[in-house]
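Please open the model in your viewer and keep the sequence panel beside it. The stops below follow an order that lets each selection build on the one before.

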Amino acid sequence: MRASKRIAAAILTVCMIAGTMGMQVQAYREDEIQSKLTEEESKIGGMKQAEEPKQGTLNFIMQESDSITTPGVQNVVVSLGEEGKTVEHAQLAYKNTTTGQEFTVKAAGIADNMARFSMKYDSGEQAGVYELTSVTWTQNGTNYQTVLATTDTKVVYGVNREVIAKPDDVLVDQELLDEVEANVVTLDGKGKTISENTLEDILEQEGGRRTFSSQGMIRGAKKMVIVLDPGHDSTHSGASYHGYKEQDLVLKIAQYCKAELEKYSGITIYMTRESQSCPNGGSMIDSGTCNAKRVEFAAAKKADVYVSFHLNASVSSTPKGVGVYYPNSNYKPDIGAEGKGLATEIYQKLKALGLSTWGTGIFIRNSETNTQYPDGSLADYLAIIRRSKLAGFPAVLIEHAFLSNAGDVNGFLNSEAKLKNLGIADAKGIVDYYKLTLTGTGDGTNTGTDGNGGTETPQTGQAPVISSVQSRGSTKLRVSWKEVPNASFYRVYRSDSENGEYVQVAAGSGIQFDDSNVSAGGTYYYKVCTVYGDGKMSGYSAAHVGKALARPQIVKVVSKNSSQIQITWNGLADASKYEVYRSDKKSSGYQKIATLKAGQISYTDKKVTPQTTYYYKIRTRGGEKNGYSSYSNVYSGWSVKKTSIVSVSSKTKTSLQIKWKKVSNAYGYRIKRSTSKTKGFQTVATIKSGSATSYVDKKLKTGKKYYYKIQVLNRINKKTGYSTDSRVASGATITGTSMVYARSKTSKSMEVKWKKDAKATGYRVKRSTSKDGTYQTIVNIKENSTVKYIDKTVTSGKKYYYVVESVVEKSGVKNYSGNSKPVSARSLKKVTVESIQTGEDGLTLRWKKVSGANGYQIIRSDSKDGKFTEVAKLTGAELSYKDTQTVIGKKYYYKIRALYTGKNNGYGSYTSALEKWALEAPQDFAAVLLQPNQVKLSWEKTKKAVGYEVFRSKEADKKYESIAILDGSGNVTYTDHTVLADNLYYYKVAAIGKNGEEAGNGDETEAVSVQVEG
């Protein structure tokens, strides 16, 4: 069905709008349920502070007429937010575009997530063209708003004006229209109905259908026992504020309720107390025991329902209004359903008096200490509700108003008349829910069948014909039947088998019933009978079977590639098709994107943007009238963006390094390789690190070309998804060069050489201090022809290992061959000379061994800065050398360096120039004490000497000072006149040589000593 230029449809059965003006079907939020509020609790149960509304979802909006003639009414229906989440308040804003006046109107009826607004036009002064501007509502305690202009929607109508609506005047959810195509009222081009009902009529009918409920059995005029419980008493007192006590006021309210109920037939009423005294022992028992005994009293009276009267209170004066507690749906769900229905009726009657709504109006409160019912389910928190359910009847607890709120006290509690109004409202709620009959209007009994075909009274009239039992969610079945003329109401019965025991589950005047007390996947059989105004009943309809479609479960949502997301779910036997919904928000905005046949249990969403999170849910369609299940759990997913390969380069001659661009939020990467550009790709590595940007592929063939592509991985709910493959990139391993040698160049440098690689654009030289250690690059050579390098950063005497690798640069990417085999060498230390001595046949040099050396080289010169000539090159372990080619009396300079001779010779650094005169030490050196203050020294004449120098010290091995220089080779004695008594002196003497103007000492004698006595 399509939307035409005029609004063409009004939903009947789906809307379920309450016909009563201002009636609201509340949501049930357990976190706002309180009985007596503490200061902290009042923050939860109190009225929520006004806050800026959030952007909401407007599913569809429909208006009844394009043009209205005064007096007249315009009706507008809207669907708001998520299906299944009850709208609590709603307001429509609109304006007269002719006069500029702006208006707002509150919802005239609310049911589930739908609302109806009615605007009355009584006077010609209201004429003009009107436009709807925005909708504001509250859902689950959160305020939302949709401004129609932001949805590209313009909804207008005329009052005493003709307005031609455009095709986009109405925002219509096509899926919802399709779903209820059979339940549509069509209007013609002039805004007049083709069918008989107007939208207002339909909504009013829907209000009637809302009385048909699964919330407990509608009793009609059957006999029943009602127990009224005025809470607290003079011993177990309740709240006390503004001069009033809870136990006094609730007794009066209960008494007024009882008096009103006594006007109705077929019921017996009991009070748990009729005075201020405790009925169960006073101060001998606590309040908990007293309440338990009250429920025991009700059970003894065979109560059908228990109603407890209370007033609320808080340490804060802000909370106000009415709230009614009812049983949860655990253990005995029929009791919970009946209690909910009764609580709703009582709440609505009290609210109609003008009381505010506290919290959500009606609520359950579950055990906070994990107390459980016999079947293991969570029990109710309030003891009277829990104990009543265990006894087999429902209980509700009414918190009529807040005694701590001055407004509630002054408006509803401070006079007998006001208390009577509360009591009568409570009674009216009980009467309307149980369909009680005033005394004198009936005999107080209803007759009919026993639910199993047995007849209590003769059957009369026409039995209904069930047209369908349709799944309306996984825990709801909708039973529909054809209307029977002159029917007063209908009774619905249910069984687990076709020929089993049928139990009444509902009664009401509508021709549909939504059974919300069914199990997912469960099969149920229904019969319906007609009840006439005189109480007589028809026979049963034929049994009609229905099955609540089980809720599917999404198994995974994964990225299939960078532009596709695959959703997979479990298949269900009863499905005829599946619907897939998607949104970019978890809690709202879902749109159907696919309808699939029953055999398909996966769907690929091909209209996604990479790196964007989407939310999915599934539901099953099938059964009669294309019923549907509840939605599956919501699963999120996102398609992961593909990467691009930056480079594929040779890492070694048997490995390639692949580098790629990092993708945000990636779980990892999958690397694929082939020897062909177009086929044969195999996964070689899966890297589970989203921050990785490179991988080295090893054990490849040298010189061979390989092709690579990469997929990006994401992971959601423990399921891995993949991106589209990157574009293919290729690379080849390269061969390398080899080292020729490494050798000591000097004591602080090493020379390395390698073979030239014709394909290389450069080389990389590396060094380590151990063969299998870590090699560090010491130089990058950028020329192919350079094959030698001097390493000047070595430590003297240390052994080093060197490798080299070829570098081939292509398109700005460097490829490496990997390290060659290492070569090693030791840096030879400088030689340490121990002595140079003059002998009869020349000069003898002695030095210390240098580690790593297997030889030494000695060079000599006649002057310090002159040319040095090699005089000896020694091999082996020799550590001395006698230079016999010297002339006595002449001065010489020597340098020595360590050698390593072999395949590649190495050298240490030369010592600095060592100066030596070729003069022997004087012979027969002696010292004699002549007198107490004189020491005489004497020695033999030294060949080629031109004089002598005398030295003295008080220590044998150091601190010698020159005390005399004697000219002439024959001057071979010296007397020291400067000695002091009681001192020990040491003496040495050396011959002096001369070359031209330069003079110097030869070898010194060994020290001789003299003790000078005191």
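How many helices and how many strands make up the secondary structure of the protein? With the cartoon coloured by secondary structure, the view shows nine helices and 68 strands, and it should be kept in mind throughout that this is a predicted model. Colour next by burial: of the 1014 residues in the protein, 51% are buried. If you turn on the surface, the exposed area comes to about 46800 Å², of which carbon and sulfur atoms supply 45%. Among contacts between residues at least 6 apart in sequence, 69% join residues at least 24 apart.

**Helix α7 and the loop before it**

Select residues 383-391, which form α7, and show the side chains of Ile384, Ile385, Arg386, Ser388 and Lys389, the buried residues of this helix. Which elements cover them? The cover includes the helices α5 (287-300) and α6 (333-352), together with the strands β17 (305-312), β18 (322-325) and β20 (395-402). Stepping just past the end of α7, you reach Gly392, whose phi is positive at about 105 degrees.

Now go back along the chain to Arg365, in the loop that runs from β19 (357-363) to α7. Is Arg365 buried or exposed? Its relative accessible area is 9%, so Arg365 is buried. Add Asp380 to the selection: although the two positions lie 15 residues apart in chain numbering, the C-alpha atoms of Arg365 and Asp380 are 6.0 Å apart.

A second arginine can be examined in the same manner. Arg472 sits in the loop between β22 (466-471) and β23 (477-481), and with 12% relative accessibility Arg472 also counts as buried. Between the C-alpha atoms of Arg472 and Asp515 the separation is 9.2 Å, for positions 43 residues apart along the chain.

**Salt bridges**

Side chains of opposite charge can pair when their charged atoms come close. Over the whole structure, a search finds 36 salt bridges, and a few of them are worth selecting one by one.

Begin with Glu260, which is buried at 8% relative accessibility. Which residues pair with Glu260? One of its partners is Lys263, with the closest N and O atoms 2.9 Å apart; Lys263 is partly exposed, at a relative accessible area of 45%. Another is Lys428, where the closest N and O atoms are 3.7 Å apart. Because Lys428 belongs to helix α9 (residues 416-434) and Glu260 to helix α4 (residues 246-261), this pair ties together parts that are 168 residues apart in sequence. Lys428 is itself partly exposed, with a relative accessible area of 32%.

Move on to Lys959 and Glu955, whose side chains meet in a salt bridge with an N to O distance of 3.8 Å. Here Lys959 is exposed, at a relative accessible area of 62%, while Glu955 is partly exposed at 31%. Then select Glu579, Lys592, Arg619 and Arg621 together, since a network of salt bridges links these four residues.

**A positive patch**

Return to the surface view and select Lys642, Lys677, Lys705, Arg727, Lys759 and Lys810, which form a positive surface patch. Where does Lys677 lie? This lysine is in the loop between β39 (668-674) and β40 (682-687), and with a relative accessible area of 54% Lys677 is exposed.

**Backbone details**

Most residues other than glycine have a negative phi, and most peptide bonds are trans. The last selections therefore show the backbone alone, starting with the cis peptide bond from Thr70 to Pro71, where omega is near -10 degrees. Pro71 is placed in the loop between β3 (67-68) and β4 (72-80).

Next comes Gln611, a residue other than glycine with a positive phi, near 70 degrees. Gln611 is in the loop between β33 (602-605) and β34 (614-622), and its relative accessible area of 26% makes it partly exposed. Finish at Asp924, in the loop between β60 (914-917) and β61 (926-931). Asp924 is not a glycine, yet its phi is positive at about 50 degrees, and at a relative accessible area of 56% Asp924 is exposed.

Conventions:
Residues numbered from 1 in each chain as written. Predicted model: local features only at pLDDT ≥ 70, side-chain atom pairs only at ≥ 80, totals over all residues. Heavy atoms only, no water. Helix = DSSP H or I, 4+ residues; strand = E, 2+ residues; numbered from the N terminus. Buried < 20%, exposed > 50% of the residue type's maximum accessible area, 1.4 Å probe, protein only. Contact = heavy atoms within 4.5 Å. Areas by Shrake-Rupley, 256 points an atom, 1.4 Å probe, with all protein chains shown as cover. Patch = residues over 30% accessible without salt bridge, like charges linked within 9 Å, V, L, I, M, F, W, Y side chains within 5 Å. Lys, Arg positive; Asp, Glu negative; His and termini not counted. Charge placed at Lys NZ, Arg CZ, Asp CG, Glu CD.
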